[in-house]
Amino acid sequence: QAALAKGRILLATSLIESFSFAAAEALCAGTSLAVTPIESLVYLAGGGAYGSISRGFTADAISAALVHEIQEWENRSRSPVAIASVWRRQLDDQKIASEWEKVLQLR
């Protein structure tokens with residue numbers, strides 16, 4: 001967590017991933033994302049609110065997303081405090097447990 005909090009951007013590239021714990025931990029530390037366009041990473045990037053999403057899986061597309069994310073920080077469009085506060089609430093263990101309880105009650 002300390003290492004993630006020192007960084008501004010986590011580059012998370014994947015062709016298929018059900019959920020990226022590293023990306024989730026980075027968001028909770030206030031780090032934004034530069035990601036490939038797979039559903040779970042697009043979700044974690046908040047559709048662009050918490051990171052930049054590449055237009056494909058090529059090196060050029062991923063590099064463009066990373067450059068865009070660097071520009072977001074330079075333009076002060078990203079706030080580590082805002083990113084962390086949203087994701088810490090979203091991934092709070094009590095909230096997740098409550099959601100599982102709801103799912104189990106439906107069965």
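Two strands pair if DSSP finds at least two bridges between them. The exercises below apply this to a predicted model.

**Exercise 1. Describe the order of elements and the overall extent of the protein.**

Solution. Start with the inventory: the protein has six helices and three strands. Read from the N terminus, the elements follow the pattern α-β-α-β-α-β-α-α-α. For the extent, take the principal axes of the C-alpha trace, along which the protein spans about 45 × 30 × 20 Å. Of the 107 residues, 34% are buried. Finally, consider the contacts with a separation of 6 or more: residues 24 or more positions apart account for 44% of them.

**Exercise 2. Work out the strand order of the sheet and identify its edge strands.**

Solution. Begin with β1 (residues 9–12) and β2, which pair in the parallel sense over four bridges. Within this pairing, L10 has L33 as its bridge partner in β2, and A12 stands opposite V35 in β2. Next take β2 and β3 (residues 51–53), which are parallel and joined over three bridges. Here the bridge partner of L33 is G51 in β3. The three strands therefore form an open parallel sheet in the order β1-β2-β3. Its edge strands are β1 and β3, each of which pairs on one side only. From one strand to the next, the twist averages 15°.

**Exercise 3. Determine the handedness of the two crossovers that involve β2.**

Solution. Follow the chain from β1 through helix α2 (residues 21–28) to β2: this β-α-β crossover is right-handed. Then continue from β2 by way of helix α3 (residues 39–44) to β3, a β-α-β unit that is also right-handed. One backbone detail belongs to the first path: just after α2, G30 takes a positive phi of about 95°.

**Exercise 4. On each face of β2, are the residues buried or exposed?**

Solution. In a regular strand the side chains alternate between the two faces of the sheet. Apply this to β2 (residues 32–35): S32 and A34 lie on one side, and L33 and V35 on the other. These four residues are all buried, and both faces of the strand are covered.

**Exercise 5. Which residues of α2 are buried, and what do they pack against?**

Solution. The buried residues in α2 are A23, A24, A26, L27 and C28. The buried part of the helix packs against α1 (2–6), β1, β2, α3 and α5 (80–90). Now place α2 in the largest nonpolar core, which has 16 residues. Those with the most contacts inside this core are L27, L33, V35, L41, L44, I83 and W87. The elements giving two or more residues to the core are α2, β2, α3 and α5. Of these, α2 supplies the largest share, five residues.

**Exercise 6. Classify the ring pair of F19 and F21 and the ring pair of Y50 and W87.**

Solution. The structure holds three aromatic pairs. For F19 and F21, the ring centres are 5.3 Å apart and the planes stand at 70°. Planes over 60 degrees apart count as edge-to-face, so the F19 and F21 pair is edge-to-face. Check exposure next: F19 has 29% relative accessibility and counts as partly exposed, while F21, at 61%, counts as exposed.

For Y50 and W87, the centres are 5.8 Å apart and the planes at 85°, so this pair is edge-to-face. Y50 is located in the loop between α3 and β3 and W87 in helix α5, so the pair ties together parts 37 residues apart in sequence. Both Y50 and W87 are buried. Ring pairs link Y43, Y50 and W87 into a cluster. Setting aside neighbours within four places in sequence, the contacts of W87 are L27, C28, Y43, L44 and Y50.

**Exercise 7. Locate R76 and state whether R76 is buried or exposed.**

Solution. R76 lies in the loop between α4 (59–74) and α5. Its phi is near 60°, a positive value in a residue other than glycine. For the exposure, the cut-off is over 50% relative accessible area. R76 has 74%, so R76 is exposed.

How values were computed
Residues are numbered from 1 along each chain as its sequence is written. This is a predicted model: local features need pLDDT of at least 70, side-chain atom pairs count only at pLDDT 80 or more; totals for chains, interfaces and linings use all residues. Side-chain values use heavy atoms; hydrogens and water are left out. Buried means under 20% relative accessible area, exposed over 50%, partly exposed in between (1.4 Å probe, protein chains only). A crossover is right-handed if, with the strands pointing away from the viewer, the path from the first strand over the helix to the second runs clockwise. Contact means heavy atoms within 4.5 Å. Axes are lines fitted to C-alpha atoms, for helices over the stretch in contact, and angles run from 0 to 180 degrees between N-to-C directions. Rings of Phe, Tyr and Trp (its six-membered ring) pair if their centres lie within 6.5 Å; planes under 30 degrees apart count as stacked, over 60 as edge-to-face and the rest as tilted. A nonpolar core is a set of buried Ala, Val, Leu, Ile, Met, Phe, Trp, Tyr and Cys residues joined through side-chain atoms within 4.5 Å.
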